[in-house]
Amino acid sequence: MEAHALHKSYGSTTVLDGLDLAIDRGTVFALLGSNGAGKTTTVRILSTLTSPDGGRATVAGHDVVRESRAVRAAISVTGQNAAVDELLTAEENLRMVGRLWRLGAAGARRRADELIERFDLADVRSRRVRTFSGGMRRKVDLAMSLVGDPQVLFLDEPTTGLDPRSRQSVWSVISDLVADDVTVVLTTQYLEEAERLADRVAVMDGGRVIAEGTVDALKRQVGTEQVELVLASSADLDRAARALDVAANLTEGGHLSVASDGTAAHVRHLLNTLERHGVDVATIRLHRPSLDDVFLTLTGSSTGSSTVDRAEEVA
Amino acid sequence: MRDALEPGWVVSDSLTMIGRSLRLSIRNLDALITAVVLPVMLMLLFVYVFGGAIDTGTEYVNYVVPGIVLLCTGFGSATTAVSVAADVEEGIVDRFRSMAISRSAVLTGHVVASVVRNAFSTLVVVLVAVAVGFRPDAGLLPWLGAVGVLLLWVLAITWVSVCFGLLAGSAEAANGMTFTVLFLPYVSSAFVPVETMPSWMRPVAEHQPITPVIETVRGFLLGTPTGTTAWLALAWTVGLLVIAFVAATVLFGRRTAG
């Protein structure tokens with residue numbers, strides 16, 4: 001799947017401003033960004049629901065504008081609002097989508113049964129979706145998206161508004177999809193979600209991708225991991241600082257932060273050294289830069305650079 | 001759409017959507033009951049309460065039934081507008097659009113279900129009317145004529161409702177818009193002869209689509225001469241149908257485009 005220089009404006013508001021993306025088959029790709037970053041518009045263009053004002057995009061080898069029908073035959077979309085008929089039962093919803101996927105009446109029934117089994121909906125199959133909780137509704141919605149065995153699945157904020165338990169169950173469903181060689185494109189505001197599910201992440205801001213890569217690579221861009229040592233007394237702190245040759249200004253309130261590669265071997269070495277020097281370590285914490293750090297650093301710097309641009313214009 | 005769909009699939013998709021809309025109609029019991037009970041209540045009200053005071057030159061029940069049937073289509077149109085608006089407002093239309101299916105099938109489903117709903121509520125109204133003394137004096141052919149005119153009217157008003165549904169941003173707004181259709185029968189010859197209205201209002205009542213349609217149905221069922229009214233009714237109905245159909249098609253394209 002590829003997108004090249006996508007542009008989209010609504011009136012005078014530019015939503016996408018030269019978006020480039022390349023997504024490999026069978027991977028989970030997360031579009032990460034705050035509200036208004038252009039995530040949903042990107043998904044709508046890639047899923048043929050909206051046409052771009054400029055640029056090109058291909059999904060499953062087909063152009064989203066010129067070959068939209070071929071694209072539609074390969075994809076499924078689960079939008080922000082659950083796209084289910086509330087007055088129909090879970091089973092009826094699934095069978096309706098099955099018929100629209102040309103499975104025939106018998107085929108649609110079989111496929112509905114499979115998905116009901118897989119999504120653990122057997123107890124509620126004959127209940128109207130209106131009576132479902134948000135999490136169950138989302139499950140039905142996801143199941144409907146899988147009726148046609150899509151090659152590419154778009155999930156627009158799949159867990160927004162769900163309670164933690166429902167979020168966990170949606171996550172496990174998405175993880176299972178990867179095993180079936182489905183390409184998943186998901187948008188999210190939750191860094192934890194991208195970290196948990198995605199092979200690669202694109203951070204979006206102001207209608208373009210400001211960083212792209214694996215979660216680990218993005219974190220490395222921000223900084224290394226740190227081992228934080230909490231020491232029993234200030235005497236221990238001094239001894240530790242001397243033993244590890246750490247500048248005293250890195251110590252703070254009985255804590256000592258040491259750069260680390262995060263491996264067990266390095267932590268063991270660190271603790272052994274401290275023990276040899278008679279340092280009493282109370283507790284240790286491993287601090288990895290989170291995607292929050294990545295996100296804030298990246299979007300923060302981009303705001304910074306645009307301020308500079310403006311300042312230069314004025315000058 | 002450059003890559004077109006085979007006609008067979010258009011039929012198949014439409015049938016699936018018709019099944020969906022019919023099922024939703026039955027499940028949406030409140031709306032169904034409203035669309036049947038309200039006109040029946042109004043008919044009883046007019047026949048037993050107001051009817052005695054209104055001189056139409058014939059049994060009032062015979063006079064008022066065609067009007068009630070048209071009023072009934074107004075209530076039916078509210079349901080149609082609301083369900084179209086709800087589909088667009090909620091995510092389901094996006095799901096359908098992201099599938100390789102016939103685009104128009106969703107609207108076909110709504111329209112056919114609307115006609116079926118209206119036919120059903122009209123039948124109930126007519127049966128109750130017969131029970132309270134409605135005695136049309138018509139042969140088979142005039143009956144068929146009346147049914148034909150009513151079906152055409154229902155189809156036209158359905159497409160107008162689809163337009164309302166597509167124009168409105170929400171189900172509530174769509175419901176509000178159908179007020180116009182609900183109100184029109186009162187300013188027509190539905191309940192009282194137009195001649196009894198003040199002179200400034202008479203042109204309004206005479207030159208709106210409901211009056212000729214009602215007069216034509218009356219003419220067919222009660223054997224009164226229809227004259228040019230039938231042609232006028234036909235012109236109004238077909239005109240409305242064509243305009244609403246084109247408008248709905250354009251609106252649907254616009255509402256569901258990026």
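I count two residues as in contact if their C-beta atoms, placed from the backbone, lie within 7 Å.

**Ground rules**

I am working with a predicted model, in which local features need pLDDT of at least 70, side-chain atom pairs count only at pLDDT 80 or more, and totals for chains, interfaces and linings use all residues. Residues are numbered from 1 along each chain as its sequence is written, while chains are lettered from A and ligands numbered from 1 in the order in which they are written.

**Entry: where the chains touch**

I looked up the interface first. On chain B, 21 residues are in contact with 24 residues of chain A. I then asked which elements of chain B give two or more residues to this side. They are helix 1 (7-27) and helix 4 (92-97) of chain B. Helices (H or I, at least four residues) and strands (E, at least two) are DSSP runs, numbered from the N terminus. Helix 1 of chain B gives the largest share, six residues.

I also sorted the chain B side by residue class. Ala, Val, Leu, Ile, Met, Phe, Trp, Tyr, Cys and Pro count as nonpolar, Asp, Glu, Lys and Arg as charged, and the others, Gly among them, as polar. The side divides into six nonpolar, five polar and ten charged residues.

**Entry: a helix pair across the interface**

Next I took helix 3 of chain A and helix 1 of chain B. Their axes come within 9 Å and cross at roughly 165 degrees. Axes are lines fitted to C-alpha atoms, for helices over the stretch in contact, and angles run from 0 to 180 degrees between N-to-C directions. Angles under 35 degrees count as roughly parallel, over 145 as roughly antiparallel, 65 to 115 as roughly perpendicular and the rest as oblique. Helix 3 of chain A and helix 1 of chain B are therefore roughly antiparallel.

The crossing is left-handed. That term applies if the near helix is turned anticlockwise from the far one by less than a right angle; clockwise is right-handed. Which residues of the two helices meet? Met96(A), Arg99(A) and Leu100(A) meet Asp13(B), Thr16(B) and Arg20(B). I sorted this contact into two nonpolar, one polar and three charged residues.

**Entry: a helix pair inside chain B**

I compared this with helix 2 (residues 29-50) and helix 3 (residues 60-89) of chain B. Their axes come within 9 Å and cross at roughly 155 degrees. That makes helix 2 of chain B roughly antiparallel to helix 3 of chain B. This crossing is right-handed. Helix 2 of chain B contributes residues including Leu38(B), Leu42(B) and Phe46(B), and helix 3 of chain B residues including Ile68(B), Leu71(B) and Phe75(B). The contact divides into 15 nonpolar, three polar and no charged residues.

**Entry: sheets of chain A**

I turned to the strands of chain A. Two strands pair if DSSP finds at least two bridges between them. An open sheet of four strands has the order 2-1-4-5, with antiparallel pairing. Strand 2 (13-22) and strand 5 (62-63) of chain A each have a single partner strand, so one side of each is left without a neighbour in the sheet. Seven bridges join strand 1 (residues 2-10) of chain A to strand 2 of chain A. I noted one of the partnerships: Glu2(A) with Ala22(A).

Another open sheet has six strands in the order 6-7-8-3-9-10, with mixed pairing. Its edges are strand 6 (75-78) and strand 10 (208-214) of chain A. The twist averages 15 degrees from one strand to the next. Strand 7 (residues 152-156) and strand 8 (residues 183-188) of chain A run parallel over five bridges. There, Leu155(A) has Leu186(A) as bridge partner. Helix 1 (residues 39-46) of chain A lies across strands 3, 7, 8 and 9 of chain A, at about 150 degrees to strand 8.

I also checked strand 11 (residues 225-231) of chain A. Six antiparallel bridges join strand 11 to strand 13 (residues 255-260) of chain A, and six antiparallel bridges join strand 11 to strand 14 (residues 281-287) of chain A. Leu229(A) pairs with Leu256(A) in strand 13 and with Ile284(A) in strand 14.

**Entry: confidence**

I closed with pLDDT, the predictor's confidence in each residue, from 0 to 100. Chain A has a mean of 85, and 92% of its residues reach 70 or more. Chain B averages 89, with 98% of the residues at 70 at least. Where in chain A is confidence lowest? Helix 11 (residues 291-314) of chain A is lowest, at a mean of 52, and helix 3 (residues 90-100) of chain A is highest, at 96. Over residues 301-315 of chain A the pLDDT is below 50, and this stretch has two contacts beyond near neighbours in sequence. For the complex, the predictor gives an ipTM of 0.86 and a pTM of 0.83.
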